[in-house]
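Subject: Handing over the model

Hi,

Here is the structure I promised to pass on to you. Please have a look at it first, and then read on for what I found.

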Amino acid sequence: MHVDHYIRNRSCWANRSFDRYRRRDFAAMIFTRHAVCDFHGGHREPADTLFSCRQRRRNVGNRAFRRSGMRARITGKGTINMQESVEKICILDGGLTRVEDGSIYSPGVSVGVPATLSCNAYLIRHKAKWLLWDTGTPDAFYAHPGGKIVADGMRAIVVRTIAAQFEMIGLSPDDVDIIMFSHAHYDHVGNSCLFRNAKWFVQQHEHEAMFGTQADSFGYLPEFYSAMRDNEVELLQGDCDLFDDGAIRLIHTPGLTPGHCSLFVRLPRTGPVILGGDVAHNCLDLQYRRVPSFSTGREASVASMRKIEELARKEGARIWINHDTMQSATLPHAPAWIY
Ligand SMILES: [Zn+2]
């Protein structure tokens, strides 16, 4: 088949203006008798088989995507890596923290200027399981309408309890199958005692810090999480793909605390998001690599910021910064679901 004949008979091609190089490349594709087929592991196949292999590779991905919401990622080596999405996520209002001097989170910035930090917990539905990421400020603080000083001048305020939000969406804390915390500060583990049936996935370093003799040196208040001793626990070291399907990945982002983590979640319509935890306390702190004065490791914190930004770039993910009040206000909260 001559190239010009092919072009005349395919309007989609005929309408394009081919320069000399495009024509030459196209001719090479048509007339090369054998070409390397990466779908079949790199062995040599006739040229027409090469096209059919490529088409077949696309079809495999499309069929799988239609059937189960999976996304087929085709790697450069021709292997197919199925990446599933979770069903949905609900952002729960986990209270507020107010401080008189915002520079404790952003050194050199907002010195002496009061700051208010949002706090969220995230309930995820995936493969018929409920997963909870963080549990917010203790519901008990709801009894203090003006808030309560917890530590270092931080005033914790609860306007909606986590228990009430579970009720609002028709669930019980007992329904939660898996629980994870970005880290063990009071505004993340505050309601851990509600989730008695959940299996707990935690970095070994974080677990050791929480239950070691120096817990207070990490800013931990064990009374808010001591009940977690009785939960079934799985200790992790480093990053972890929780379901081995690419839908939910625990990303180790140490620095603020030894076992601090962020969570990568692939949503079916919104696309991938990274729940940053406290890898940074607001978007500008992330951008300018500002590390809070109470971080246990400055260099590790900066490396972790870089790590999630690189992951976000690679995956095309958005980063949801838990304590960024302005960003949080743009996201729907319970009882809304995000798909
Ligand atoms: Zn926090």
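Before the details, one convention: two strands count as paired if DSSP finds at least two bridges between them. By that rule β13 pairs with strand β14 (residues 248-252), with 2 bridges joining them in the antiparallel sense. Please keep in mind that this is a predicted model.

First, the overall picture. The chain contains 10 helices and 17 strands. Of its 339 residues, 37% are buried. Taking the contacts with a separation of 6 or more, 61% are between residues 24 or more positions apart.

Now to the sheet that holds the β13-β14 pair. This is an open sheet of 5 strands with mixed pairing, in the order β13-β14-β15-β16-β17. At its edges are β13 (240-241) and β17 (318-320), each of which pairs on one side only. Within the β13-β14 pair, D241 stands opposite R249 in β14. Helix α9 (residues 298-315) packs on this sheet and touches β14, β15 (261-267), β16 (271-275) and β17. The direction of α9 makes about 175 degrees with that of β16.

There is also an open sheet of 8 strands, again with mixed pairing, and its order is β8-β9-β5-β6-β7-β10-β11-β12. Which strands stand at the edges here? They are β8 (148-151) and β12, and each has a single partner strand, so one side of each is left without a neighbour in the sheet. On average, neighbouring strands of this sheet are turned by 30 degrees against each other, ignoring direction.

At the β8 end, 3 bridges link β8 to strand β9 (residues 154-157) in the antiparallel sense. There, A151 stands opposite M154 in β9.

The β12 end is worth a browse too. Strand β10 (residues 178-180) pairs with strand β11 (residues 199-203) through 2 bridges, in the parallel sense, and the bridge partner of I178 in β11 is K199. Next along, β11 and strand β12 (residues 233-236) run parallel and are joined by 4 bridges; here W200 has V233 in β12 as its bridge partner. Together with helix α7 (residues 204-211), β11 and β12 make a right-handed β-α-β unit. Helix α7 packs on the sheet, where α7 touches β11 and β12, and its direction makes about 95 degrees with that of β11.

Happy to talk it through whenever suits you.

Best wishes

Conventions:
Residues are numbered from 1 along each chain as its sequence is written. This is a predicted model: local features need pLDDT of at least 70, side-chain atom pairs count only at pLDDT 80 or more; totals for chains, interfaces and linings use all residues. A crossover is right-handed if, with the strands pointing away from the viewer, the path from the first strand over the helix to the second runs clockwise. Two residues are in contact if their C-beta atoms, placed from the backbone, lie within 7 Å. Axes are lines fitted to C-alpha atoms, for helices over the stretch in contact, and angles run from 0 to 180 degrees between N-to-C directions. A residue is buried if 20 or more other C-beta atoms lie within 10 Å of its own, exposed if 12 or fewer, and partly exposed in between; C-beta atoms are placed from the backbone.
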